[in-house]
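Please examine the model shown below before reading the questions and answers.

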There are 2 protein chains.
Amino acid sequence: MAKTERNKEQTKQKFIDAVSKIIVRDGFKAIGINTISKEAGLDKVLIYRYFDGLDGLLHAFAKQKDFYINISEEIYKSIENASKDDVKQLVVVVLNNQLRELRSNKELQELMLWEMIERNELTIAIAKEREKKGYELSKKLKEKMNIPDAELDVDAIMSILVSGLYYLALRSRTVDVFNGVEIDTNAGWLRIESAIQTIVNNLFNSIN
Amino acid sequence: MAKTERNKEQTKQKFIDAVSKIIVRDGFKAIGINTISKEAGLDKVLIYRYFDGLDGLLHAFAKQKDFYINISEEIYKSIENASKDDVKQLVVVVLNNQLRELRSNKELQELMLWEMIERNELTIAIAKEREKKGYELSKKLKEKMNIPDAELDVDAIMSILVSGLYYLALRSRTVDVFNGVEIDTNAGWLRIESAIQTIVNNLFNSIN
DNA sequence: TACTTTTGTCACCAGTTAGTGATATAATTT
DNA sequence: AAATTATATCACTAACTGGTGACAAAAGTA
C-alpha cells in the first residue's frame, strides 16, 4: 500500500475544487454532499468536520472566487478620465463587457441561475455583493454623464438594459433563438451588441 | 365507509390541478411523482396508468394552460388599426402589458425559470410555442412601423427590452433591489415602465 | 517507546425518490 | 344474479439522499 498523504488544507481545497467542477459540468442542481465527496474522491464526513456541512463548504467556495461580474481596472480608469462626450461610448463598452464576461463564464451563469431559484445564505450574499459592485459602477457612469435625475431615470434604464443582457446570456444556455435573434451564434450576439449601441446612442442624443 | 366515486376524467383532472397547485405554492423544484400524488390525494400508480408517467402528466398540464404570455385580442386589433404614429406608443403598451402579465402570473414565472434550468420535452415545447407567439407579435409591430432592416435592427432591440423585463420580473421573486431600483414596490415598477417609455420614444424619434 | 491528536475510511441509519406487482372494489355487461 | 372490466389502493423494491458513530492509520509529543 502506498502511504496516504495527509494534509488538511490540501483536502479542503479538493472539496472546493470538486464543487467548482460539478457546477461547471452539471450545474448547481447537481450539488450535494454525496456528489461532492464522490467527485473529490474523499469521504463526505470530512465536509462536516472541516466546513461544518454543505453551507460552510459553499461559503468557502464562494469566498475563493469572484462571483460578481468582473469590472476591469482599465474600464474604471477610463471612466475617471473620460470627457462628457466619451461617456456615452463608455456605457456601451461597459454593457458589452458585462455581456461577454457572463457569456464566457459558465460558473457565473450557474451561480446567477441559482440565485434566481433558491434563497439561501450563499445565494443571498453573492447576489448582494454583485448588486453593490454593479450599482457602484452605474453611479460612477451617471455622475460622469451629469444628467439631472428629473430628466432621465438612468438607474431604471440601465437596469432594463443590464437585465436584458443577463437574460439573453442565461437563456442561450438552453435555447438557440430569441425573438428572431440567433443567440447561439456570434453573428446573433453581434446584433445584440449593435442594438445596445443603438439604444444608448439614441437615448443620450436627446440630452447631449 | 362512504363509497368512492370512480371517474377517470375527473381523476386525471385532479392530478393536473395538483401540478398547478404545487408549482404555484412551492415552485417547479417541488414537482415529482410522490408530491403530486400526495397533493391530489390519489395513488401515484394512476399517473403511470393514465399519463404514462410524469412527462405525460406535465404534457397534459401544459396543454390545458396557456403558457405563453397572453396577448389580448384587443391589443392585436389595436395594432391592425394603428396609424404609423400610434405604433410607437403601441410598442410601449405591449411591452408593459407583457411585464404586468408575467409579474402577476406565478405559474408562468415558475415555468419560465424551469425552461432556463432544465431542457426536457415539456420545457422545450413550451418555450418554442412562446417564442413563436412572441415573434409573431414582434413582426406585426415591425411591419406597421415600416422601418427598413438596414436602418434599425428592431428584432435585436426588442429582444433586449423584452429580456430585460423578463429578467426583472423573475429576479424580483428573490431580490428586492436591482441597480438601485426597488423591484419589490409599485413605485419601482412604475420607474421601469417609464424607462421603457423613454427608451422607445428616443429610439424611434430618430426615424419618424 | 508509548501516548495523544489529527486525518481519513467504513458501515450503517432513517427518510425520500421513482417505479411495479398483487389485490380490492366499483361499474358495466351478460 | 353472475361474470367481466375499469378504477383505485396497498405494499413492496432498489437506489438515492443527508447525516453520524465506530474504527484505522498517520503524525506529533512525552
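The questions below concern a predicted model, beginning with DNA strand C and ending with the two protein chains.

Q: Which residues come nearest to DNA strand C?
A: A residue is counted here if one of its heavy atoms lies within 4 Å of the strand. There are 19 residues around DNA strand C, and those that come nearest are A:Arg6, A:Thr11, A:Arg49, B:Arg6 and B:Lys44.

Q: Which polar side-chain atom lies 2.3 Å from a base nitrogen of DNA strand C?
A: Several side chains have polar atoms close enough to a base to fall within the 3.5 Å cut-off for a polar contact. For B:Arg6, an N or O atom of the side chain is 2.6 Å from a base oxygen of DNA strand C, and for B:Lys44 the distance to a base oxygen is 2.7 Å. The atom at 2.3 Å from a base nitrogen belongs to A:Arg49.

Q: Which element gives the largest share of the surface near DNA strand C?
A: Two or more residues each come from helix H1 (8-26) and helix H3 (45-51) of chain A, and from helix H2 (33-40) and helix H3 (45-51) of chain B. The largest share, 4 residues, comes from H3(A).

Q: How are the two copies, chain A and chain B, related?
A: A rotation of 180° with 0.0 Å of shift along its axis superposes chain A on chain B, with an RMSD of 0.1 Å. The two copies are therefore related as by a two-fold rotation axis.

Q: Which residue of chain A comes closest to the rotation axis?
A: The distance is taken from the C-alpha atom, and its value is 1.7 Å. The residue is A:Gly164.

Note on methods:
Residues are numbered from 1 along each chain as its sequence is written. Chains are lettered from A and ligands numbered from 1 in the order in which they are written. This is a predicted model: local features need pLDDT of at least 70, side-chain atom pairs count only at pLDDT 80 or more; totals for chains, interfaces and linings use all residues. Side-chain values use heavy atoms; hydrogens and water are left out. A polar contact is a pair of N or O atoms within 3.5 Å; within protein, one must be able to donate a hydrogen and the other to accept it, and residues adjacent in sequence count only if both atoms are side-chain atoms. Copies are superposed by least squares on the C-alpha atoms of residues with pLDDT of at least 70 in both.
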